Amino acid sequence: MTEMLFRKDAYQRDAQARVTAHTQEGGIVLDQCLFYPTGGGQPGDNGTLSWNDQTLTIATSIKGEKDAIVLIPAEPRALPPVGTVVEQSLDWDRRFGHMRVHTALHLLSIAVPFGVTGGSIGAIRGRLDFDMEEAPQDRDAIEAALNDYVSADMRISEEWITSAELDANPGMVKTLSVQPPRGAGRIRLVRIGDGMDTVDLQPCGGTHVARTGEIGALRLGKIEKKGRMNRRIYLHLDT
């Protein structure tokens, strides 16, 4: 099992760790990891590992066996031996872009109140697929609502509930095709806003900004038909 440092502090960019294993495919497992592994529509982080005057570029990170996170080198080369202490450094600009877009997509799921059938997160844009027959006609109003949420500079926080509590409140789950992970019987929730001013509360395992104001201006992109009951809406960072 890898300790998930990104879960404790999504803004941490550098940290030491110890190599605990190599995979047969040439991946590296650390005892604690800054790199978010690919999942939930969010790409795996990239960056570098450094040790003994050597540097290895990490192309991405994925989920491994038994809650391990596997770092995938950008090219085949000698790996730091098991037991080696390494310095891990994120490609911060890319990670922070993912955080901004991810939180923005949560806002989009409020502004367009339909079930979500899919999604994808990039560093400058993202998209959600909605279970809706007709494309929304009020795109200017949707864009204005999104930027109002950003301007309100609401706090983003996390909390945990049990699987039983989630089952008792199925409306929290907006994704229709993917159910939230239920590791150890606990579900992580991401809240936007505080108390009675909460605008969104839903299960999520990804990384987010601390306040909506960090997202910056948003621009609604293309709206595509992807099936009789599926509309794909793109959202762009405008700054």
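Which helix lies across β11, β12 and β13? In this predicted model, the answer is helix α2, made up of residues 92-111.

## The three-stranded sheet

Let's start with what α2 is lying on. Strands β11, β12 and β13 form an open sheet, in just that order, and their pairing is antiparallel. The edge places go to β11 (156-162) and β13 (200-203): each has a single partner strand, so one side of each has no neighbour in the sheet. On average, neighbouring strands here are turned by 25° against each other, if you ignore direction.

Now zoom in on one pair. β11 and β12 (residues 186-192) run antiparallel and are joined by seven bridges. If you want a spot to find on screen, try W160, whose bridge partner in β12 is R188. As a general reminder, strands of a sheet pair through backbone hydrogen bonds, parallel or antiparallel.

## The helix across it

Back to α2. Helix α2 crosses β11, β12 and β13, and its direction makes an angle of about 115° with β13.

## A buried asparagine in a loop

Elsewhere in the chain, have a look at N230, which sits in the loop between β14 (218-225) and β15 (231-237). Is N230 buried or exposed? With a relative accessible area of 15%, N230 counts as buried, because the cut-off is under 20%.

So who keeps N230 company? Setting aside neighbours within four places in sequence, N230 is in contact with T117, D129, F130, M132, E224 and K225. With T117 there is also a polar contact, side chain to side chain, at 3.2 Å.

Definitions and conventions. Residues are numbered from 1 along each chain as its sequence is written. This is a predicted model: local features need pLDDT of at least 70, side-chain atom pairs count only at pLDDT 80 or more; totals for chains, interfaces and linings use all residues. Side-chain values use heavy atoms; hydrogens and water are left out. Two strands pair if DSSP finds at least two bridges between them. Helices (H or I, at least four residues) and strands (E, at least two) are DSSP runs, numbered from the N terminus. Axes are lines fitted to C-alpha atoms, for helices over the stretch in contact, and angles run from 0 to 180 degrees between N-to-C directions. Contact means heavy atoms within 4.5 Å. Buried means under 20% relative accessible area, exposed over 50%, partly exposed in between (1.4 Å probe, protein chains only). A polar contact is a pair of N or O atoms within 3.5 Å; within protein, one must be able to donate a hydrogen and the other to accept it, and residues adjacent in sequence count only if both atoms are side-chain atoms.
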